[in-house]
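Trainee: I have a structure open and would like to walk through it with you. Can we start with one residue and work outwards?

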There are 2 protein chains.
Amino acid sequence: MEHTVKSYEQQLKRLDAVLVEMGGLCERQISAALEALSRRDRMLAEQTIAGDVPIDAMDREATELAVRVFALRQPLAADLRTVVGALRISSALERIGDYARNIAKRTVILLDQPMAGPVQGILRLGQLVQVLLKAVLDAYVARDAAGAVEVWKRDRELDDLYTSLFRESLTYMVEEPRNITACVHLLFIAKNLERIGDHATNIAETVYFIASGKPLAGERPKGGDRSPPPDTSAGGAA
Amino acid sequence: MEHTVKSYEQQLKRLDAVLVEMGGLCERQISAALEALSRRDRMLAEQTIAGDVPIDAMDREATELAVRVFALRQPLAADLRTVVGALRISSALERIGDYARNIAKRTVILLDQPMAGPVQGILRLGQLVQVLLKAVLDAYVARDAAGAVEVWKRDRELDDLYTSLFRESLTYMVEEPRNITACVHLLFIAKNLERIGDHATNIAETVYFIASGKPLAGERPKGGDRSPPPDTSAGGAA
């Protein structure tokens, strides 16, 4: 946590350390948000909401470090990729933190609702997201291009799980209109998890780029969160 | 569209031109997506989905240009802010393009559903989003810090409109379960519009930073899209 970074090498190391710390915090935030949801634990949800603040601060620190390296040094080739990549990863982690916070916020709202809806499915989705985020952070630390590709490929599993959750939610709502408010919030929580997975995939692309110097070619397995489930129109009430 | 950019000045100008072009395309994409939704126009929706491709290409061009400026020049002070800011704006516009595409994708799905739900409210939300995006792009071109602050402040209007739409949707769903699938897609469309507004606010912060050299201090008027509506638990079925 030193403020006088002396050498170029040290600046890059510090940037790296900030990202690793941010990644670890994001993992803990997701885990806490899901535990709060599962246990209907208001205090843990509130703690998770507050827990996003340091992630935002680290994102600002990473951005400042990167800008300083750009301004005072002239990073080239691998170092340039590292610094540009760090900016992207930092921004992805900052957003992942926001999504974890948002899950916790909706969890608080859900405390006033009947516990109805596909909670178990959401927890399964959450587990997969945690596995993917951990794997991509490991790949970042090891500069492991192959590991990054593995994560990138598994985006599809996430999409499939999300699509089936989406259908399940519609069914819950149609069958029992009293569940609608809870289910809508759970749907947005599922969406938040899918977005986290999408950002893990983005990080995988960046890790691949840092490690190999090449872009991860070809279309993303699927459009990730930004696309609606392909055939949900057949899902619930028609 | 020249590929041999000769001087530093020209590189910065080209970067600027790419952003302005991207911004214009985003405006047209949002407008087309909303028109397709309003007219239930499958062909226009499909065109809008395809229309996102050049925005992604421009984002890549802007990133490459910025990286080249970082690598080959040593931008300082105002120029450094411009280049770092351009990276952020480009990434925000790329995401805005994704949200417009996503609206068009959900519009296609909605063609198989009864036209029920708060479509008029969504079109109003869309109009406000378009106004804010236009204003922030104008502020960018003019390097107008005060104009950026204006946009930034209006994020709150957007949040209020979104919150009332959220409640309205729940009511539609509770009253007529056959509307649930359509309403859920409309809710996600509303969310996409709110996200676009949130990115317009992010761009406003960046424009302010480019123009003034200072961060836009203080908390965002409201947490933007990433927060759930504050009191939706009181909204629909309880």
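Trainee: Does Thr107(A) count as buried or exposed?

Mentor: Keep in mind that this is a predicted model, in which Thr107(A) counts as buried, because its relative accessibility is 2% and the cut-off for buried is under 20%.

Trainee: Where in chain A is Thr107(A), and which residues does Thr107(A) touch?

Mentor: Thr107(A) sits in helix 4 of chain A. Leaving out residues up to four places away in sequence, Thr107(A) touches Ala33(A), Ala36(A), Leu37(A), Ala45(A) and Ile189(A).

Trainee: And what does the side chain of Thr107(A) reach?

Mentor: The side chain of Thr107(A) reaches the backbone oxygen of Ile103(A), at 2.8 Å.

Trainee: Let's zoom out, then: how many helices and strands does chain A have?

Mentor: Chain A has eight helices and zero strands. Of its 238 residues, 59% count as buried, and among the contacts between residues at least 6 apart in sequence, 85% join residues at least 24 apart.

Trainee: What is the accessible surface of chain A?

Mentor: The accessible surface of chain A comes to about 9400 Å², and 54% of that belongs to carbon and sulfur atoms.

Trainee: Back to single residues: which contacts does Val151(A) have beyond its neighbours within four places in sequence?

Mentor: Val151(A) is in helix 6 of chain A, which covers residues 145-153, and is in contact with Leu132(A), Ala135(A), Val136(A), Ala200(A) and Ala204(A) once those neighbours are set aside. Take Ala135(A) from that list: Val151(A) and Ala135(A) are 16 residues apart along the chain, while their C-alpha atoms are separated by 6.8 Å. Val151(A) is also buried, with a relative accessible area of 3%.

Trainee: Which residues touch the most other members of the largest nonpolar core?

Mentor: That core has 147 residues, and those touching the most other members are Met173(A), Val184(A), Met173(B), Val184(B) and Leu193(B). Met173(A), for example, touches Ile180(A), Cys183(A), Val184(A) and Leu187(A), and also Met173(B), Ile180(B) and Val184(B), not counting residues up to four places away in sequence. As a general point, nonpolar side chains in soluble globular proteins tend to be buried together.

Trainee: Over in chain B, what covers the buried residues of helix 3?

Mentor: The cover includes helix 3 and helix 4 of chain A, together with helix 1 and helix 4 of chain B. Among the buried residues of helix 3 of chain B are Ile55(B), Met58(B), Leu65(B) and Phe70(B). The helix itself has 20 residues and reaches 29 Å from its first C-alpha to its last, close to the 28 Å expected.

Trainee: I noticed Arg40(B) and Arg143(B) too; what is the phi of Arg40(B)?

Mentor: Phi of Arg40(B) is near 50°, a positive value in a residue other than glycine, and Arg143(B) likewise has a positive phi of about 50°. Arg40(B) lies in the loop between helix 1 and helix 2 of chain B, whereas Arg143(B) lies in the loop between helix 5 and helix 6 of chain B. Arg40(B) is partly exposed at 30% relative accessible area, and Arg143(B) is partly exposed at 32%.

Trainee: Last topic: where in chain A does the pLDDT stay under 50?

Mentor: The pLDDT stays under 50 over residues 1-5 of chain A, and residues 222-238 of chain A are also below 50. Chain A averages a pLDDT of 87, with 88% of the residues scoring at least 70, and the model scores ipTM 0.76 and pTM 0.82.

Methods:
Residues are numbered from 1 along each chain as its sequence is written. Chains are lettered from A and ligands numbered from 1 in the order in which they are written. This is a predicted model: local features need pLDDT of at least 70, side-chain atom pairs count only at pLDDT 80 or more; totals for chains, interfaces and linings use all residues. Side-chain values use heavy atoms; hydrogens and water are left out. Helices (H or I, at least four residues) and strands (E, at least two) are DSSP runs, numbered from the N terminus. Buried means under 20% relative accessible area, exposed over 50%, partly exposed in between (1.4 Å probe, protein chains only). Contact means heavy atoms within 4.5 Å. The expected span of a helix is 1.5 Å times one less than its number of residues. pLDDT is the predictor's confidence in each residue, from 0 to 100. Accessible areas come from the Shrake-Rupley method with a 1.4 Å probe; for residues, only the protein chains shown count as cover. A nonpolar core is a set of buried Ala, Val, Leu, Ile, Met, Phe, Trp, Tyr and Cys residues joined through side-chain atoms within 4.5 Å. A polar contact is a pair of N or O atoms within 3.5 Å; within protein, one must be able to donate a hydrogen and the other to accept it, and residues adjacent in sequence count only if both atoms are side-chain atoms.
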